[in-house]
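Hi,

Here is the structure I promised to pass on. My notes on one strand and one pocket follow below it.

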Amino acid sequence: MRVGLVSLILFLSGCSALLFQTLWLRLSGLAFGNSVWAAALILSSFMAGLALGNAIAALSTLPAIRPLRLYAGLESIVAVFGSSLVFALPLLGQWLRPIFQALWHYQAFLNVLRFSISFLILLLPTTAMGLTLPVLLEDPLLYRRRFSRLIAAFYASNTLGAVVGAVVGEAYLIEKFGLSGTGLTAACFSLAAAAIAWFFAGTLHADGETSRVHVSLGKQIPWKLLALSLGTGAIFLGLELIWFRFMRLYVASTETAFCTMLAVVLSGIGLGGLAATAIGAPRKILPLLLLLAAMATLLSYIFFPVPVLQGDRKVFYIESWAEIAQLSAALMSPAAFLSGIMLPVMVSCIQEVVTNRMNSTGLTILFNTVGAAIGPILACFVLLPWLGFQSSLILSAIAYAALALLTCDKQTWSLRRPGGIALILLGLCFLLLLTLFPYRRNETHFENARRPFEADQSVLQKKIEGSADTFQVLRRDLFGEPYYYRLVTNAYSMSGTHPRSQRYMRLFAYLPLALRPQSENALLLCYGVGVTADAFTHDPRLKHLDIVDTSKEVFDLAGSYTGFGYSNPLRDSRVRTFVQDARFFLQAIPERYDVITGEPPPLKIAGTVNLYTQQFFELMHNRLKDGGIATFWLPISELTTNESKAILRAFHNVFANASVWATCDLEWIMMGSKGPLHRPDQGLVWEFWSEATMRYDLARIGIESPEQMSGLFVMDSDEIDRITDGVEPLSDFYPKRLSDAHPDLKAAYEFGHHYFETRRALRRFLSSSFIKESWPVEWQKSLDLFFLVREMRFRSEMSGSNWLDDLDLYLRHSQLRAPVLSVQNSDDFRLLLAEKFAERSHSMPVEALPDLIAGALARRDFPAAIQLLETEKDRGFSNVNDLFLLIYLYCLNGSVEKAEALASAEAGSIQKDWFVDWLWGELQAQFGFHPPG
């Protein structure tokens, strides 16, 4: 009865502790930063508090105190102070902001301050947490039970409670009640555990007084076993980080995925704790357990069930809870299970020397917690960046084997004992495993992660295993020159220089610079592959550009991207880089900016939600100068409609004059200013558009005239108000308003098309109060064509269209280049490479013909296009559409007879369908063309 009761108490305590730990680390990250170093500092603060609690347990006795009553008090402290921290941490960041800004230029001292504050605020509840298990073991009624079984059962119950806390918190509580409500729920679990303990507290005390343990080198301290506890804690927590890094080559880097992997690890530990209740001779089995853990670490990796791309899945980006759990169990459960056995066994061994149960438990867990604090830091900052995940995993296995040797004495290896024979056999098996280990297996996993992105014939350029992520740079060549690059982070295409992506990435810079041409400094949050930074450096009037990214490796890769019209922006003397979390940077930097923009990671990546909340946008607003402009990415193709509206609501709550802009796709741009946005000075605007480098760069992404900027308009603040009426904003306290749900691409297309339809878009533009008050008057004329072109290109890219009908409109009713190239599946980047390739070739290269034809059409040089198509005709058309294009161009150029002759000659190869019927009818109506037959 008593054992079951305490197990229930510890189950509730574990559930509460995991919920609080998750909330504290998340909210501390918002207050003190989410960079790798900041996260390490916060985690160390948490572990330090737990260690302190266990240190008190190791050095104390409980004379005349009922353990369950004391436990109830400790759990109440956790509940009260834990839930208070959930409410106080967001305010703490605001209160400390002036101090952070004052110390910004003293980074070392600032880091010490962050650690000190995070340690102090977490000290009381984490210390209480660390004391709970050791204190419960002092219950006098439990002294009738065998200690080794008690500690195993209690450890298992506490860990399995943590599993429930992890799953329930992520899957239900945070989404339903937000962070504050989840904090109160965690407090309720703690208070429930406290109430049960208080109600069932006994009045008896243990027989006799337990003696205090003194920290000395006396015989009473089992240093070898304590070193073992420290080592296993360091190895396992380091392994956990290594496993998670490896798994991210296959699974999504979402909060749900991390929660699932954590739950699997904790489940393994909990089940191991249950298994430890059956172990009778703990000291003898420790070396065997360590060698088994060493082998399990290697074998589970060797036999990891590599996922297979099936059905509609095109990338290794697994999001299913069940599939993630299955893969995690195969990789992590064996070692986690053995780890769950080891800790209770070690406590039992130490208790044979330090007889007081509370002291022995506190002492063991103290050293284990210190190791658990060291392990992740060592793995993150030393092993992974220096050795990579596979070598780090092998080293962890060797470390387990080394600890097995540490626990052995001469008698342990005796062949006269079954344990000695088993130990020798396991040791030989481990050495054999190291000898036969497939040391090139990691390359297979890297290839699997990038293989889906090599379908366009991209090749690996560079690979880096960094502190936080695995980076692979792929290069797609065209005509022997780099065409575009792709940055694959873990299993996700994080960013790239594809011309289509460059459209919106460069507009992050050019849109605010065009409206505020007097801008002197700018801030770019998240570097990506440097496209937005490159656009900023094209403005000669800009004096300073600060770039912030959490990853040092992203900056290290900046020199990997080369090509025509692109240079490494980090070499510009005006650029300063900061390896820092964007939120903390905005809190701590004292400087204000004319322009702030961001090229953030995809929204469903873990942590990215913190860059889209109303509180984050407030930080951006505070760092702007009066009249300064902020722009930010809104990829509605990656969001549900409700999620898009929640972000728009959050942005508009901060920026009263918010507006939305887009080219011809679903990569939208939110824009807002601090205070009213005044019309730019006409002279400065003229200088902006007269700058040859910027004008050329804008033309390459389809902005060929100042007036075309107007054709980017989607909606203003009035329309945002209308569509977000009643919608709750995305908030720090309700991060699950950005869910893991898959976006409905059809709904996103319909939502986008509603705003791209020409007549409605033009009407919204002309009636907008923002446009009337802030938009340059000279950009408001003759806009029908630009809105029409955007709608046509949107339809073409999203759902397909009649390509020749589109081309006819572009050629005969506009002078725009980009739409013409787009219809021909080309762009200015391709065209430049094709022209250079043709110059180097002795004869007309066949592979460059489509782009050269597109270039001639973009110049409206119809005779040149006809000549190139005739060259292709002589060799045989590679594409029937080129035949139709040549027929059309003959008619457009006044050679209807040639068109008819060609159509008649090729009539046998032309299959009648709706397109052919349409083409013959149009040519007949427009040019008097007579169809064949």
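Strand E6 (residues 544-549) runs parallel to strand E7 (residues 575-579), and five bridges join them. Leu545 stands opposite Val575 in E7. Strands and helices here are DSSP runs numbered from the N terminus (strands E, at least two residues; helices H or I, at least four), and two strands pair if DSSP finds at least two bridges between them.

E6 also pairs in the parallel sense with strand E5 (residues 521-525), again over five bridges, with Asn521 opposite His544 in E6. E5, helix H14 (residues 531-537) and E6 make a right-handed β-α-β unit; that is, with the strands pointing away from you, the path from the first strand over the helix to the second runs clockwise. Five of the six residues of E6 are buried, so this strand is largely enclosed by the rest of the structure (buried means under 20% relative accessible area, 1.4 Å probe, protein chains only).

Now the pocket. The second largest one is lined by 19 residues, with Val823, Gln824, Asn825, Asn879 and Asn881 nearest its centre. Helices H25 (784-799), H27 (818-823), H29 (849-858) and H31 (880-892) each give two or more residues to that lining, and H29 gives the most, with three.

Before you use any of this: it's a predicted model, where local features need pLDDT of at least 70 and side-chain atom pairs 80 or more, while totals for chains, interfaces and linings use all residues. Residues are numbered from 1 along each chain as its sequence is written, and side-chain values use heavy atoms, with hydrogens and water left out.

Cheers

Definitions and conventions:
1 Å grid on protein atoms, 1.4 Å probe; cavity = no way out; pocket = protein on both sides within 12 Å on 5 of 7 lines; lining within 4 Å. Buried < 20%, exposed > 50% of the residue type's maximum accessible area, 1.4 Å probe, protein only.
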